[in-house]
Amino acid sequence: MASIFITRNVPALIKQSLVDEGHTLSEWTEKRDLTADELIRHAQRCDALFSVGANQINKSFLNACKHLRVIALCSVGYDQVNVTEASKLGIPIGNTPGVLSKATADVAFLLMQNVARKAIHKHKEILRGNWGFFDPMADLGIELQGKTLGIFGLGRIGYEMAKSCRGAFDMRVIYHNRGRNEMAETELDAGSVSFEELLQQSDVLSVHANLNKETRGLFNRDAFSKMKASAIFINTSRGSLHNESDLRQALESGTIWGAGLDVTDPEPMAPDNPLLQLPNVAVLPHIGSATIETRMKMMQLTVENLIAGLAGKRLPYCVNPEVYEG
């Protein structure tokens, strides 16, 4: 029997799975994020951490909680974790890969259409009472049929986005990856291009890459200046992949046509952020995985990692498998 701290209020079905294994649970139920000190204090009393949300599993936390037998993230991304330090301390880190690919791609697809037709802006105009005189050439959108979709990071999520765009709008697909995606090339006729070519050729550029030293701030003033003036920029990955001030300038100056964001930097975005008032921008509050089915699957994988880790077994979805070497 072990004790587990859960950083959010999770469904009873998920908790019951852990109780059935003989584990005891404590849960953070307040509608606010834990402070760094609070997270440490609660984790120090337990054997394992069930981490939901953007909890910083940094060097300070890990060294204060080096007794933890497993840390299970209810997320695919783990940029908030100092993986090197966790491995050094022998703490396995689990995540939830694969389960949110379609849901997140659907949000990218939704943002693309919203931006192309200025749907969120038009809805705001209704709320402002500006549904009146018809001007046939005022504030028009653009069509997506037959356009070129550029994917930066063509993994599972990028593949689902490309598949949807091919099926719905017969879009040509190009991509830039570290390696080739042969399945996408065969099934979607996707073409591998350089980063420069991706910027220059994309009518819609959708970002689906991990955040790391190479990708942080990659979409900046220089990158936007190489894109088409008619291009739409979509980011459902991590907000830090784009430079927000450079993006705003590119949108306001007409360097690019529009942007759809499910991720921002910082999160949450301030309600008076100027991007929220631009007619060619659609912003969502990081809802990529926000479906009942996907969130339940994510929590189930988190439970699987916890049960395995507390039983002294290899995590089925492990971020740092090096902890099992040697």
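A disulfide is here a pair of cysteine sulfur atoms within 2.5 Å. The exercises below concern a predicted model, in which local features need pLDDT of at least 70 and side-chain atom pairs count only at pLDDT 80 or more, while totals for chains, interfaces and linings use all residues. Residues are numbered from 1 along each chain as its sequence is written, and side-chain values use heavy atoms, with hydrogens and water left out.

**Exercise 1. Determine how many disulfides the protein has, and explain why C46 and C74 do not form one.**

Step 1. Applying the distance rule to the cysteine sulfur atoms gives a count of 0 disulfides.

Step 2. For C46, the closest cysteine sulfur belongs to C65 and lies 9.5 Å from the sulfur of C46, which is too far for a bond. For C74, the closest cysteine sulfur is that of C318, at 16 Å, again too far for a bond.

Step 3. To describe the surroundings of these cysteines, use relative accessible area, where buried means under 20%, exposed means over 50%, and partly exposed lies in between (1.4 Å probe, protein chains only). C46 has a relative accessible area of 5% and is therefore buried, and C74, at 9%, counts as buried too.

**Exercise 2. Describe the overall build of the protein, starting from its helices and strands.**

Step 1. Helices (H or I, at least four residues) and strands (E, at least two) are DSSP runs, numbered from the N terminus. Counted in this way, the protein has 12 helices and 12 strands.

Step 2. The radius of gyration, taken over C-alpha atoms, is compared with the globule rule, which is 2.2 Å times the number of residues to the power 0.38. The protein has a radius of gyration of 22 Å, close to the 20 Å that the rule gives for 326 residues, so it is as compact as a globular protein of that length. Along its principal axes, the C-alpha trace spans about 70 × 45 × 35 Å.

Step 3. Of the 326 residues, 48% are buried. A contact means heavy atoms within 4.5 Å, and among the contacts with a separation of 6 or more, 62% are between residues 24 or more positions apart.

**Exercise 3. Place M298 in the structure and find what it touches.**

Step 1. M298 lies in helix α12, which covers residues 292–310, and at 4% relative accessibility M298 counts as buried.

Step 2. Although M298 and C74 are 224 residues apart along the chain, their C-alpha atoms are separated by 5.9 Å.

Step 3. Leaving out residues up to four places away in sequence, M298 touches C74, S75, T96, V99, L100 and S289.

**Exercise 4. Work out whether the loop residues T215 and T236 are buried or exposed, and list their contacts.**

Step 1. T215 belongs to the loop between β9 (204–207) and α10 (221–225), whereas T236 is placed in the loop between β10 (232–235) and α11 (244–252).

Step 2. With a relative accessibility of 8%, T215 counts as buried, and T236, with a relative accessible area of 7%, is buried as well.

Step 3. Not counting residues up to four places away in sequence, T215 touches F152, N210, S240 and L241. For one of these, S240, the separation from T215 is 25 residues in sequence and 8.4 Å in space, C-alpha to C-alpha.

Step 4. With the same exclusion of residues up to four places away, T236 touches T104, V107, A108, L111, V207, H208, D262 and V263.

**Exercise 5. Examine the backbone at P266, P268, D139 and D170.**

Step 1. Consider the prolines, beginning with the peptide bond from D265 to P266, which is cis with omega near 5°. E267 and P268 are also joined by a cis peptide bond, whose omega is about 0°.

Step 2. P266 is found in the loop between β11 (258–261) and β12 (281–283), and P268 has its place in the loop between β11 and β12 as well.

Step 3. D139 is not a glycine, yet its phi is positive, at about 55°. D139 sits in the loop between α6 (119–127) and β6 (148–152), and with a relative accessible area of 30% it is partly exposed.

Step 4. D170, also a residue other than glycine, has a positive phi near 50°. D170 is in the loop between α7 (156–169) and β7 (172–176), and its relative accessible area of 46% makes D170 partly exposed.
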